[in-house]
Each structure stands twice: as C-alpha cells, then as structure tokens.
Amino acid sequence: MQSITVKELVAAVRGTLVRGSESAVIRAVSTDSRTVREGELFIPVKGERFDGHDYIESALQNGAAGCLFRAEREPEKKVADKIYIAVDDPLLALKRLGIHYRDRADIPFIQITGSVGKTTTKEMVAGMLAGQFCTIKTEGNFNSDLGVPKTMLELTGEHEVAVIETGMDHFGEIRYLGEIVKPQIAVITNVGDVHAEFLGGTREGVFRAKCEIFENLAPDGVAILNGDDALLNTVTLPQRIVRCGRSEHCDVRIRSVETNGLSGIACRIETARSSYALRIAVPGEHVAYSAAIAVAVAGELGMRHDAIVAGIEDFGSPDKRMEVVHLARGRVMINDSYNANPQSMAAALRVLAQADTARHIAFLGDMKELGGTTEAGHREIARLIAALQLDEVLCIGPFCKAYLADELEKAGGTKVTWYPGREEAYPDLVKAFGENTALLIKGSHFANRLDLAADYLREYPFEGKR
C-alpha cells in the first residue's frame, strides 16, 4: 500500500479524527488483529460470529498505529500515541478507501465474474497480460467485499492494468464490488446454478445478479461474454459486446479443441484479425473458453501475438482447481476440491474419464447453494457418472446420499458408497485408490473440506511412493 496521511485517509473514508495527528502517515491497513503489523491501521469489520471492535485493544497492543471504529462502539480507554477515527461503518470505510486508491490509477480495470471458471479465467488473463504489462490481480479468492478493496490498496504508479475477480452469492454484491472496480472491461464467464438458493432459486436469478456488473461498466467500455450461454446471449448494452465461444455468431471463435488426457488441451482460436494455435497444460475442454476470453481481452488492450500465445501457454491450474498429482505406482489424483456445481462437476468428471488408467474413481461431496435445482443437479451428475462408466464413487453429504447415490444405485454399473463424513471414508478411499487408478476429488468447499482428503492422500505412505 502506498503511504497516505491520516488527513487524506479521514477524507477518503468520510470519517472523523477523534485522536491522533493529521500529519501521521499510514503505510498499510489490516482487518485481522492477530496478524496486524507495526504501524498498520486496524479496521474492525464485523463477521457472522465476531465483531472486530472486540479486538481493537488487542490490535493496538500488537503494534497497530490506530484504528477505525463505529461511533456507537468508541473505545472507552484510548492509548495516547494511537490514532482513532470514527466512521459510520468500517466495512463501508474500507470500500471508500479502496475507491480512493482505484481512482488515483488511470489504467484499464478488468472485472471478471461468472458461475464457473472465473478464477481460472482471472489467472489466465492476468498471467497473459503480465508478459507485456505490469499487472495487478486479486490474489487467491480475494474476490469479496474485503478482498477487492484490499487489492485496490496495493495499486502503485507502476501498474499498467488490473484484473479483478468478483464473487457473489446475493443480489447487490456484484454491484457493490463494481462500484469499487469501475471496469473498462466486464467479463462474465457463464451463468450456472451455483448460489441459486439465495437468488430466487433459479438460474435466471443468478443471471440477473451477474448482470449487475454492467451497471458500473465505463460508457466507452466493452463486455466480454460467453457466446454459447443462452442467457448471456440475451444481453444488450449501449456498450460494445464481444462474445466468445464455438457458436457462429461469436466474435472470438473456438474453432477446435483436442484433448490429451490429463496432459492438457490443444485449441485453435480465431478473431477477425488473427488465429491462435494454443497448447495449454491444463485438462478439460472448458479451459478453451478461458483462453478465448483471454484472447478477447488481449485484443482490447492491443497485445502482441507472441505475448498472447506465450502468456496463455504458460498458464497452470490455480490451487485446488484441476490440479493433477501423480502418486506411487500409476496413481493419479485430480484435486478439484475448491468448489463444485453441476457445470464444473460435469467438466471434471469428463476429464477423469479421459485419464489413461485402468480404473477411474471419484470422491465427491455435496454441491451446495443450488436452491430448487439441488435434487435435479445431483441426479444429473449421477446419470453422467453412469454414462461415463466410472468404476467407483465414494461420497459424503446429505444431498449425495439422498439424490446422487440413490440415482447411481438405480442405474447400476458404478459402485457407490456413502459415508457420514470425510474421515470415515478414508480407509475405503485408500483401498479404492489402487495402482493405475485415477481419482477425482470434488465438492463444495466449506461444506465438505475435501481439500483435506487430497492432503491426506498426498501424504499417505502408499507402497513404493515416490
């Protein structure tokens, strides 16, 4: 974070300086009292099970230079050499500070959202752009009302482009984050069922929530959309629209995709001006859509052809997303444990079926927040598993038990076993994950924590483990 005086910060967050010097300098902010560092300003945000105001004293003892606080939670005892700033809402103050830093940067901002593939697309776009421009991006899953403004605080005068991922599970969130980003380029990767539970229970509700991204798109900006998504094809805007996909009407066209098992894909992408033959070391045909969007973004920013190809081909899977791990005696683990919905689950299962191994098994968890599509989504995945003729499925979660396992048992052919929890499945999972076997691990992250199962197998002392 570039340094800011207390006077400038108070004006940016629309606060009131209660104690401290206006000329003091703040070099960073923190929302975690446990990791706050010397000289940082502590911002006490409120979560579902905590209120940061309860930890102001601890943050100051740990070295914080001062804090924000809601007027009704003003600390009774104040430390003489600390800064105290009253605000109407600390989270809103963080947003305003993020906007302050964003507005100082006269560079293109790219905002990316979507039901599936937004992190993969963000990483591919940012990695590609970094080959020609000094690029800032949201790190990890910092795509929320905390992560996005914190990313803005990291902007410097050296940055030439920003790639910002924005997530949501309720109406209004994409609008809120868009007010910070104010994109010149707005990207929607697709519209699926994830979070439908909180958005009217339908994919149309998800679509309306995603389309909030356009409310803050620059008047001379551009929207880059999945041209094979039926709902996104209904979008009309005063701004220019670039559509990406296989369909004939797409401006950036995926002409061919060749899969090479778990080694990745080769695809050819065409625009009105050029053609790109790409080899990407990430499995799954769906990766071609991220590549097409990356090509579209590159075209808007005038990137060189060689930089586009090199940047996309250097791409590797983000953490816990289609991560291929080779273990002892021909065991291959596909760790896609970060999250799950019917679209991403189907794509991952198809990749699993392509593995050049004797057996193909899956350890699956519930797909959450699907609303009225919960039962249909799980049963649809079960029918796909049966069609792919996978050898065995181990699963956890009430939805997997009621719908996925039930549907698989009706279909027959694939062995399916349900377990009350992740750890209860470990003994059978180790047995099933034998030599020359490919295993997919996937489920909604916080409901199942199957990333811990991936860690367990990664460290398990298989005979002859490398």
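This section describes a nine-stranded sheet, the helices that lie across it, one further helix and two buried loop residues in a predicted model.

The sheet is open and mixed in its pairing, and its nine strands follow the order S9-S10-S8-S11-S12-S13-S14-S15-S16. Its edges are formed by strand S9 (135–137) and strand S16 (275–280); each has a single partner strand, so one side of each lacks a neighbour in the sheet. From one strand to the next, the twist averages 15 degrees.

Several of the pairings within this sheet can be described in detail. S8 and S11 are joined in the parallel sense by four bridges, and in this pairing isoleucine 112 is placed opposite valine 187 of S11. S11 also runs parallel to S12, to which four bridges connect it; here isoleucine 185 faces valine 222 in S12. Strand S12 (residues 222–226) in turn is parallel to strand S13 (residues 240–245), with five bridges between them. Alanine 223 is found opposite isoleucine 241 in S13.

The side chains of strand S11 (residues 185–188) merit separate mention. In a regular strand, side chains alternate between the two faces of the sheet. In S11, Ile185 and Val187 point one way, whereas Ala186 and Ile188 point the other way, and all are buried.

Two helices lie across parts of the sheet. Helix H4 (residues 118–129) lies across strand S8 (109–113), S9, strand S10 (161–165) and S16, and runs at about 170 degrees to S10. Helix H6 (residues 173–181) lies across S8 and S10, with an angle of about 165 degrees to S8.

Asparagine 143 belongs to the loop between S9 and helix H5 (147–152). With a relative accessible area of 15%, asparagine 143 falls under the 20% limit and is therefore classed as buried. Its side chain makes a polar contact, at 3.0 Å, with the side chain of glutamate 165. When residues up to four places away in sequence are not counted, asparagine 143 touches Lys118, Val148, Glu165, Thr166, Gly167 and Leu177. Glutamate 165 thus appears both as the polar partner of asparagine 143 and in its list of contacts.

Helix H8 (residues 287–301) comprises 15 residues. The distance from its first C-alpha to its last is 21 Å, close to the 21 Å expected at 1.5 Å a residue. Eleven of the 15 residues of H8 are buried, so the helix is largely enclosed by the rest of the structure. These buried residues are Val287, Ala288, Ser290, Ala291, Ala292, Ile293, Ala294, Val295, Ala296, Val297 and Ala298. H8 is followed by glycine 302, which has a positive phi near 70 degrees.

A second buried loop residue, serine 444, is located between strand S22 (437–442) and helix H14 (445–448). Its relative accessible area is 5%, and serine 444 is therefore buried under the 20% limit. A polar atom of the serine 444 side chain lies 3.3 Å from the backbone oxygen of alanine 340. Apart from neighbours within four places in sequence, the residues in contact with serine 444 are Asn339, Ala340, Asp366, Met367, Lys368 and Arg449. Alanine 340, which supplies the backbone oxygen described above, is included among these contacts.

Conventions. Residues numbered from 1 in each chain as written. Predicted model: local features only at pLDDT ≥ 70, side-chain atom pairs only at ≥ 80, totals over all residues. Heavy atoms only, no water. Expected span 1.5 Å × (residues − 1). Buried < 20%, exposed > 50% of the residue type's maximum accessible area, 1.4 Å probe, protein only. Pairing = 2+ DSSP bridges. Axes fitted to C-alpha atoms, helices over the stretch in contact; angles between N-to-C directions. Contact = heavy atoms within 4.5 Å. Polar contact = N/O pair within 3.5 Å; in protein donor to acceptor, adjacent residues only side chain to side chain.
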